[in-house]
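Work through the exercises below with the sequence and the coordinates open. Each task is followed by a solution in steps.

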Amino acid sequence: MSKTIQPLEWVDDLRLGDYSLDNHTKEFLRFANVFIDAKNVGNGEEQLDNVLNHLTEYSHKHFPPQEDLMERIKYPSLDEHKTDHKKFNLGVAKLLKKRLLLKRANVPADEYDERGVDGVLTDIADFITDWYHSHMLGADKRLSDYYNYEYKE
Ligand SMILES: [Fe+2]
């Protein structure tokens with residue numbers, strides 16, 4: 001039995017103060033929690049494609065406008081923040097590859113994940129919760145503090 005994962009909560013620290021960027025964050029929490037709930041009751045596989053599609057869509061939708069905002073306000077940690085976004089994209093690409101390898105027969109032994117689908121589901125859950133704690137409540141929160149309290153038009 002795999003461990004129960006805590007759902008991700010909307011907290012005020014996540015608020016940037018930009019309507020559409022904040023909505024992307026809320027959407028992330030929504031689809032992440034659908035996946036987490038499903039995984040917790042053993043139905044994670046049903047959400048596998050859904051969550052991977054959402055993760056891809058989130059990055060396409062959220063990163064470019066957030067990076068534009070950082071450029072506009074001359075955010076001092078822009079490069080560092082962009083590096084995090086690149087790491088997210090690389091992480092999603094790795095998860096998509098793992099998912100693809102599950103589907104194919106004759107996967108080379110060195111590429112085959114012995115944990116099978118449960119392993120991929122666990123990796124996705126870890127990836128999502130890590131992003132929430134380290135990026136959303138870390139880098140995004142620091143951006144929010146700068147934007148709301150330090151930046152002057
Ligand atoms: Fe970000």
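**Exercise 1. Determine how the span of α4 compares with the expected one, and where α4 bends.**

Step 1. In this predicted model, α4 has 35 residues. From its first C-alpha to its last, α4 reaches 48 Å, close to the 51 Å expected at 1.5 Å a residue.

Step 2. The axis of α4 bends by about 35° at histidine 135.

**Exercise 2. Carry out the analysis of Exercise 1 for helix α2, then list its buried residues and their packing partners.**

Step 1. Helix α2 covers residues 48–72, which is 25 residues. Its end-to-end C-alpha reach is 36 Å, close to the 36 Å expected at 1.5 Å a residue.

Step 2. A bend of about 25° occurs in α2 at histidine 62, and proline 64 follows within four residues.

Step 3. The buried residues of α2 are Leu48, Val51, Leu52, Leu55, Tyr58, Ser59, His62, Phe63, Gln66, Glu67, Leu69 and Met70. They pack against α1 (19–40), α3 and α4.

Step 4. Just past the end of α2, lysine 74 has a positive phi of about 50°.

**Exercise 3. Identify the donors of the iron ion and state which helices the pair histidine 81 and histidine 135 connects.**

Step 1. The iron ion is coordinated by Gln66 through OE1, by His81, His85 and His135 through NE2, and by Asp140 through OD, at 2.2 to 2.4 Å.

Step 2. Along the chain, the donors of the iron ion are spaced as Q-x14-H-x3-H-x49-H-x4-D. Histidine 81 lies in helix α3 (residues 78–103) and histidine 135 in helix α4 (residues 116–150), so this pair ties together parts 54 residues apart in sequence.

Step 3. Histidine 81 and histidine 135 are both buried.

**Exercise 4. Describe the surroundings of histidine 85 and decide whether histidine 85 is buried or exposed.**

Step 1. Histidine 85 is located in helix α3.

Step 2. The relative accessibility of histidine 85 is 1%, so histidine 85 counts as buried; the cut-off for buried is under 20%.

Step 3. With residues up to four places away in sequence left out, histidine 85 touches Phe63, Gln66, Glu67, Met70, Trp131 and His135.

Step 4. One of these, histidine 135, also makes a side-chain to side-chain polar contact with histidine 85, at 3.4 Å.

**Exercise 5. Classify leucine 69 by burial and find its contacts beyond the neighbours in sequence.**

Step 1. Leucine 69 belongs to helix α2. Its relative accessible area is 5%, so leucine 69 is buried.

Step 2. Leaving aside neighbours within four places in sequence, leucine 69 is in contact with Leu16, Asp18, Leu143 and Tyr147.

Step 3. For the pair leucine 69 and tyrosine 147, the C-alpha atoms are separated by 9.4 Å, while the residues are 78 apart along the chain.

**Exercise 6. Summarise the protein chain: its elements, extent, burial, contacts and exposed area.**

Step 1. The secondary structure comes to four helices and zero strands, in the order α-α-α-α from the N terminus.

Step 2. Along its principal axes, the C-alpha trace spans about 55 × 30 × 20 Å.

Step 3. Of the 153 residues in the protein chain, 44% are buried.

Step 4. Taking contacts between residues at least 6 apart in sequence, 75% join residues at least 24 apart.

Step 5. The protein chain exposes about 9100 Å², and carbon and sulfur atoms supply 49% of that area.

Notes
Residues are numbered from 1 along each chain as its sequence is written. This is a predicted model: local features need pLDDT of at least 70, side-chain atom pairs count only at pLDDT 80 or more; totals for chains, interfaces and linings use all residues. Side-chain values use heavy atoms; hydrogens and water are left out. Donors are N, O and S atoms within 2.8 Å of the metal (3.2 Å for Na, K and Ca); water is not among the atoms, so sites may look incomplete. Helices (H or I, at least four residues) and strands (E, at least two) are DSSP runs, numbered from the N terminus. Buried means under 20% relative accessible area, exposed over 50%, partly exposed in between (1.4 Å probe, protein chains only). The expected span of a helix is 1.5 Å times one less than its number of residues. The bend at a residue is the angle between axes fitted to the seven residues ending there and the seven starting there. Contact means heavy atoms within 4.5 Å. A polar contact is a pair of N or O atoms within 3.5 Å; within protein, one must be able to donate a hydrogen and the other to accept it, and residues adjacent in sequence count only if both atoms are side-chain atoms. Accessible areas come from the Shrake-Rupley method with a 1.4 Å probe; for residues, only the protein chains shown count as cover.
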